[in-house]
Amino acid sequence: MKIIYSTNLKQISFYICLLLLSGSMLSSCVTARRYQAMETRATEAEAAKATAEEKMALMEEDRKKLDAQIRELTDEASKLKADSARMGELYRRNKTLLDDLFDKYDRLDKTYNQLLSNSAAEAGTLSKNLSEKEKQLLAMEQNLLANKAQVDKLSADLQSREQRVKELEKILEDKDKAVNDLKNSVSNALLSFKDSDLTVDIRNGKVYVSLSEKLLFKSGSYAVDPKGAEALKKVANVLKTQPDISVMVEGHTDDVPIAKGSGGMDDNWDLSVLRATSIVNILAKEGVNPTKLTAAGRGEFVPIATGKTPEIRQKNRRTEIILTPKLDELFKILEAN
């Protein structure tokens, strides 16, 4: 369109020039009226030129809009082409399955035609066999569909289980990190005490702070010594920053019976429980949440070493503070499984 209008403008310009040239050549011999008419035609030609230019501008604007529409249609065509490719892939997979069914059908058809060509005596037997084969094929197809549905369900279940396993692994990883961080915090808080007086280690996903009897109590007593109270205050300072940690305090004795009635106690059970309770009271007094504290006495029944020597009995006389991280999220996943 742009080329056509450009040609029209050139023609109009040519006519104008021709008129002007003619006017200049014949100016001496034309009348005033003819000159006026020629001038009018020149003016009309100018107006026609302006109109043509305006139309050409409008046509140019329309061309730009059409170009934009062409680009949009091109993008849409690209998307449709991509969709067509995906549909083509789906079509090819379905065609493969359909071809397989057609192949089975062709084999059955050939078998049937073969039956028709056999003798009448064999036809009945072969027809019966063919019917059985068709039933078997139908059963196989039904089994195939059932198996496919089962495989799809198993696949969905597997994906769900894999997701739960990932969640479980993440929780266990976070729990292990929290336990290690807690162990390091407690160990750093107790650096000033001798290794022979206490140990901090991790067992079964829990932090065990094992305090010797000589650090905490005098023989046969459940009153905490000042040095032991200092160690417990340092532990309490760490536990106050860990609101989700459950604290179990276990008292342990050796196998030497205490004097019955000593300090209101009848046996080692009483002594171990009272020692655990004394420690719990100190931790609660230092700001540890009492709802997270549990006191337990194990007597002489959970030794860490066997034997009757003084050294072994001294090892067994201990108090263990067991720190357990919050495992609610882990239990939820285990219950869901």
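A residue counts as buried when its relative accessible area is under 20% and as exposed when that area is over 50%, with partly exposed in between. That yardstick comes back in many of the legends below, and all of them describe a predicted model.

**Figure 1. The whole chain combines eight helices with five strands.** Walking along the sequence, you meet these elements in the pattern α-α-α-β-β-α-α-β-α-β-α-β-α. The protein chain has 337 residues, and 24% of them are buried. Now consider contacts between residues at least 6 apart in sequence: 67% of these join residues at least 24 apart.

**Figure 2. Helix α6 covers residues 268-285 and packs on the sheet.** Which residues of α6 are buried? They are N268, L271, S272, R275, A276, S278, I279, V280, I282 and L283. To read such a list, it helps to know that an α-helix has 3.6 residues a turn, so residues three or four places apart point the same way. The buried residues of α6 pack against α4, α5, β3, β4 and β5. On the sheet, the helix touches β3, β4 and β5, and its direction makes about 160° with that of β4.

**Figure 3. A closer look at the length and the two ends of α6.** With 18 residues, α6 reaches 26 Å from its first C-alpha to its last, close to the 26 Å expected at 1.5 Å a residue. At the N-terminal end, D267 acts as a cap: one of its side-chain oxygens lies 3.1 Å from the backbone nitrogen of W269. After the helix comes G287, which has a positive phi near 110°.

**Figure 4. Helix α2 spans residues 32-117, and its ends are not as far apart as a straight helix would put them.** Its 86 residues would reach 128 Å in a straight helix at 1.5 Å a residue, yet the end C-alpha atoms are only 111 Å apart. Look for its buried residues too: M38, A42, A45, A52, G88, L108 and L115.

**Figure 5. Five strands make an open, mixed sheet.** In what order do the strands lie? The order is β1-β2-β5-β3-β4. The edges belong to β1 (198-203) and β4 (293-297); each has a single partner strand, so one side of each is left without a neighbour in the sheet. From one strand to the next, the twist averages 20°. As background, strands of a sheet pair through backbone hydrogen bonds, either parallel or antiparallel. An antiparallel example is β3 (residues 246-252) with β5 (residues 318-324), joined by seven bridges. Within this pair, H252 of β3 stands opposite R318 in β5.

**Figure 6. E320 sits in strand β5.** Is E320 buried or exposed? Its relative accessible area is 5%, so E320 is buried. Two polar contacts involve its side chain: one of 3.4 Å to the side chain of R203, and one of 3.2 Å to the side chain of R318. Leaving out residues up to four places away in sequence, E320 touches R203, Y208, V209, S210, M248, V249, E250 and H252.

**Figure 7. N204 lies in the loop between β1 and β2 (206-212).** Its phi is near 55°, a positive value in a residue other than glycine. With a relative accessible area of 75%, N204 is exposed.

**Figure 8. The largest nonpolar core brings together 32 residues.** Those with the most contacts inside this core are L190, V209, V247, I321 and L323. The elements giving two or more residues to the core are α3 (120-189), β1, β2, α4 (213-216), α5 (226-239), β3, α6 and β5. Which element gives the most? That is α5, with seven residues. For a single residue to explore, try V209: apart from neighbours within four places in sequence, V209 is in contact with V186, L190, T199, V200, T319, E320, I321 and L323.

**Figure 9. E230 is a residue of helix α5.** Its relative accessibility is 40%, so E230 counts as partly exposed. Although E230 and L190 are 40 residues apart along the chain, their C-alpha atoms are separated by 9.7 Å.

Note on methods: Residues are numbered from 1 along each chain as its sequence is written. This is a predicted model: local features need pLDDT of at least 70, side-chain atom pairs count only at pLDDT 80 or more; totals for chains, interfaces and linings use all residues. Side-chain values use heavy atoms; hydrogens and water are left out. Two strands pair if DSSP finds at least two bridges between them. Helices (H or I, at least four residues) and strands (E, at least two) are DSSP runs, numbered from the N terminus. Axes are lines fitted to C-alpha atoms, for helices over the stretch in contact, and angles run from 0 to 180 degrees between N-to-C directions. Contact means heavy atoms within 4.5 Å. The expected span of a helix is 1.5 Å times one less than its number of residues. Buried means under 20% relative accessible area, exposed over 50%, partly exposed in between (1.4 Å probe, protein chains only). A polar contact is a pair of N or O atoms within 3.5 Å; within protein, one must be able to donate a hydrogen and the other to accept it, and residues adjacent in sequence count only if both atoms are side-chain atoms. A nonpolar core is a set of buried Ala, Val, Leu, Ile, Met, Phe, Trp, Tyr and Cys residues joined through side-chain atoms within 4.5 Å.
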